[in-house]
Amino acid sequence: MVESLFAGRIPCAESTVLDPGCGEGAFIGGIIRWCERNDVPNPRISGVDSDPRRVEAAKKRYGHCPGVRIALRDFLMEENERYDYIIGNPPYVPITQLSESEKAAYRGKYRTAIQRFDLYLLFFEEALNNLNKGGRLVFITPEKFIYVDTAAPLRKILTKMNVEELRMVSEETFGDLVAYPTISTVTKSENEHHTRVVHRDGSERTVDLPSDGGSWLPVMNGHFHHVSAAVLADVCVRISCGVATGADSIYVLETSHLPDELTGFAHPTVAGRQIDSRKGTMTLQDCMLVPYERSGKLMKETELGALKAYLKEPERQNRLKARTCVKRRAWYAFHENPPMTELLQPKILCKDIGEVPTFVIDRKGDLIPRHTVYYIIPKDPSKMEELTSYLNGPVAREWLTANCQRAANGFLRVQSQVLKKLPVPAELAPKSEGNGGFF
């Protein structure tokens, strides 16, 4: 990262470098070693962190070095100077770990503080704000900013500058913390430019990133946008993740071990691991105990009968009551209320993570997909087979490969927001949607 920071623009003694969120000074040490190897005087290096212990550790290691200044400061909420170079590994802090006052303060200051933002997006924005014109930034962050909707404002900011390189590095970079890291090299310049993309398998390509805030992933993967007559959301009633009970170990039983008295509450169920992506088949061996009517209404406790007795067994009930969802719903309710009227009909299923997205049909309509399975309900049931065939075909598979997030070992992570945007042939769309060609 330090090599990228100084590539083609060697610093001098008067150059200024910042590491926001410097921790114990890893990048400060890297800069000093680079300068020693290249017989270059140290630039003026500033390290900032809001953790007193880390600041103290960084001062002990590098506070004595010429030109190094380390300060205890909140980079996001205090005024900053401008710098010629900025390098760092900003903190990855999800919105769930922030207080309401912190969320409000960040939303009032940053364009990137929208929806369920992460602090590293804000660090990116603030660092770019504090970069001198013509200056360079090198950050290592999770790759999610490349494609998630929450990061659209950051992508718009970045494409007004020169994104020189996006380097996808090993998912094992941070040990057990699986962050799918990406190193971004950005110059604060408005010149026309191309971006070099280096993938984890070592392959490279040069691309022009879209400037509308949309996902960069398709272009980075060599897939170019085409205008289609319709997308999957146009031809479906619902595209959703399966049922989250919050306690599958209690609600899901092997069908062969189901007590007779619970049969009336049981529905066959399937998890992602039970869908074979290569063969396109399902292994059906489990059932889900459902305390809901077919209308989706939660049954009264007095109506549960044998299911109530099963769930009230002390260890089971204690576990159910310990779920966070119990704060706002009955102790025996699922984590989310299932849309039973839509679930219990023929549908197309797809596991959330797999080598390739593979779609199978629940023809009977009695399967309840678990939270590791997505289900798709076409508006026109007569199109079920044709739509599934298309989804498993080369055109849809190429599009999904280009647009889906990467999970461990190169697997693809399917999400409803991506599925909804999948282009489909005009003949699969309702007649009112138009009658043009495929693209």
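Q: How do you know that strand β8 (residues 195-198) and β9 pair with each other?
A: This is a predicted model, and in it 4 bridges join β8 to β9. Pairing requires at least two bridges, so β8 and β9 count as paired. The two strands run antiparallel, and in β9 the bridge partner of Arg196 is Thr206.

Q: What do β8 and β9 form, and what lies between them?
A: They form a hairpin with 5 residues between the strands. Gly202, in the turn, has a positive phi of about 95 degrees.

Q: What makes β3 (68-72) and β9 (204-207) the edge strands of their sheet?
A: The sheet is open, has 9 strands and follows the order β3-β2-β1-β4-β5-β7-β6-β8-β9, with mixed pairing. β3 and β9 each pair on one side only. From one strand to the next, the twist averages 15 degrees.

Q: How do you know that strand β5 (residues 131-142) pairs with strand β7 (residues 181-187)?
A: There are 7 bridges between β5 and β7, and at least two are needed, so the strands are paired. They run antiparallel, with Val138 opposite Thr185 in β7.

Q: Which helices lie on or across these strands, and at what angles?
A: Helix α3 (residues 52-62) packs on the sheet, where it touches β2 (44-49) and β3. The direction of α3 makes about 165 degrees with that of β3. Helix α5 (residues 119-129) lies across β1 (16-20), β4 (83-88), β5 and β7, and runs at about 165 degrees to β5.

Q: Why are β18 (353-354) and β22 (405-406) said to stand at the edges?
A: Their open sheet has 3 strands in the order β18-β23-β22, with antiparallel pairing. β18 and β22 each have a single partner strand, so one side of each is left without a neighbour in the sheet. β18 pairs with strand β23 (residues 412-413) over 2 bridges, and Ile353 stands opposite Arg413 in β23.

Q: Why is the pair of Phe6 and Trp34 called tilted?
A: The structure holds 11 aromatic pairs. For Phe6 and Trp34, the ring centres are 4.7 Å apart, within the 6.5 Å limit, so the rings pair. Their planes stand at 50 degrees, which is neither under 30 nor over 60, so the pair is tilted. Phe6 lies in helix α1 (residues 2-6) and Trp34 in helix α2 (residues 26-37), so the pair ties together parts that are 28 residues apart in sequence.

Q: Why is the pair of Trp331 and Tyr332 called edge-to-face?
A: The ring centres of Trp331 and Tyr332 are 5.4 Å apart and the planes are at 80 degrees. An angle over 60 degrees counts as edge-to-face, so the pair takes that name. Both Trp331 and Tyr332 are buried.

Q: Why do Phe6 and Trp34 count as buried or exposed?
A: Buried means under 20% relative accessible area. Phe6 has 1% relative accessibility, so Phe6 counts as buried. Trp34 has 5%, so Trp34 is buried too. In the whole chain of 439 residues, buried residues make up 51%.

Q: What makes Phe124, Phe139, Phe145 and Trp216 a cluster?
A: Ring pairs link these four residues.

Methods:
Residues are numbered from 1 along each chain as its sequence is written. This is a predicted model: local features need pLDDT of at least 70, side-chain atom pairs count only at pLDDT 80 or more; totals for chains, interfaces and linings use all residues. Side-chain values use heavy atoms; hydrogens and water are left out. Axes are lines fitted to C-alpha atoms, for helices over the stretch in contact, and angles run from 0 to 180 degrees between N-to-C directions. Contact means heavy atoms within 4.5 Å. Rings of Phe, Tyr and Trp (its six-membered ring) pair if their centres lie within 6.5 Å; planes under 30 degrees apart count as stacked, over 60 as edge-to-face and the rest as tilted. Buried means under 20% relative accessible area, exposed over 50%, partly exposed in between (1.4 Å probe, protein chains only).
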